[in-house]
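Thanks for passing this one along. Here are my notes, with the side chains first and the overall fold afterwards.

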Amino acid sequence: MKLKFVIVKFSIVFLLSLSACSKNADKTLYFIGDSIIARWDVARFFPSFAVSNKGISGEGISYVESLTHLFENQIVVVEIGTNNIKGITDVDAYSEKYVQAIRDLDAKTVYLFSILPRSYYSDKDDINERIELLNQKIKEKIINDNHIIYVDVYDKFYEQGMNPEYSYDGLHLNEHGYMILSEELKKMLL
């Protein structure tokens, strides 16, 4: 009788621990991107989630392509593209490549941030028009994709380029910029 009780108790504890593990797994956020992601203190901004920051400064869409099939059934947050913008000659072809790389992550859900405006010292005058066009093409290509949620924050950051209140150099975000990204993502997650 005592052994039966111990087995039943162990079974209940085991099932509860599996349930807790699966709930925590659903709350894991993987952040992928360039320096904007790499510098984001996601643990501080998302304390109720397990987080993994996979951002790498200087990276572009080829980094996302290298992660093909690695995030099956996971929740992924992506902000990438600013490092590629200067070299794009065919926006349609690039936007197709970009969206395919996002799809190939095989994530359950991807929260895809729009590419942010820029005012970096070496930027050409038309850089933000190019970013807006690319954002539009990406948005059009994912409109019927139920796994990709587009988080369009471009206008929140734009003021004749990157709003200086949200960036310390016209490209990388300061604390205020990260607060905006975090608030917009939290709206989507809840």
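1. Let me start with a charge over a ring: the charged end of Arg44 lies over the ring of Phe45, 4.4 Å from the ring centre. Please keep in mind that this is a predicted model. A second case involves Lys186, whose charged end sits over the ring of Phe46 at 5.5 Å from its centre.

2. The rings deserve a look of their own. Searching the whole structure gives 11 aromatic pairs. One of them joins Phe46 and Phe49 in an edge-to-face arrangement, with 6.5 Å between centres and 75 degrees between the planes. Is Phe46 buried or exposed? Phe46 counts as buried, because its relative accessibility is 1%, under the 20% cut-off.

3. Another aromatic pair, Tyr154 with Tyr158, is stacked: the centres are 5.6 Å apart and the planes differ by 20 degrees. The two partners fall into separate exposure classes: Tyr154 is buried, with a relative accessible area of 4%, whereas Tyr158 is partly exposed at 33%.

4. Ring pairs also build a cluster, made of Phe31, Trp40, Phe46, Phe49, Phe113 and Tyr178. Phe46 is therefore a handy residue to click on: it is buried, it belongs to this cluster, and the charged end of Lys186 sits over its ring.

5. Now the fold. The chain contains 8 helices and 5 strands, and along the sequence they follow the pattern α-β-α-α-β-α-β-α-β-α-β-α-α. The 5 strands make an open sheet with parallel pairing, in the order S2-S1-S3-S4-S5. At its edges are S2 (50–55) and S5 (148–151), each of which pairs on one side only. On average, neighbouring strands are turned by 20 degrees against each other, direction ignored.

6. Within the sheet, S1 (residues 28–33) and S3 (residues 75–79) run parallel and are joined by 5 bridges. Leu29 stands opposite Ile75 of S3. As for the helices, H5 (residues 91–103) lies across S3, S4 (109–113) and S5, at about 145 degrees to S4. Helix H6 (residues 127–142) packs on the sheet too, touching S4 and S5, and its direction makes about 150 degrees with that of S5.

7. Finally, some totals for your records. Of the 190 residues in the chain, 44% are buried. Among contacts with a separation of 6 or more, 68% come from residues 24 or more positions apart. The accessible surface is about 10,500 Å², with 55% of it belonging to carbon and sulfur atoms.

Notes: Residues numbered from 1 in each chain as written. Predicted model: local features only at pLDDT ≥ 70, side-chain atom pairs only at ≥ 80, totals over all residues. Heavy atoms only, no water. Helix = DSSP H or I, 4+ residues; strand = E, 2+ residues; numbered from the N terminus. Buried < 20%, exposed > 50% of the residue type's maximum accessible area, 1.4 Å probe, protein only. Contact = heavy atoms within 4.5 Å. Areas by Shrake-Rupley, 256 points an atom, 1.4 Å probe, with all protein chains shown as cover. Pairing = 2+ DSSP bridges. Axes fitted to C-alpha atoms, helices over the stretch in contact; angles between N-to-C directions. Phe/Tyr/Trp six-rings, centres within 6.5 Å; stacked < 30°, edge-to-face > 60°. Lys NZ or Arg CZ within 6 Å of the ring centre and 35° of its normal.
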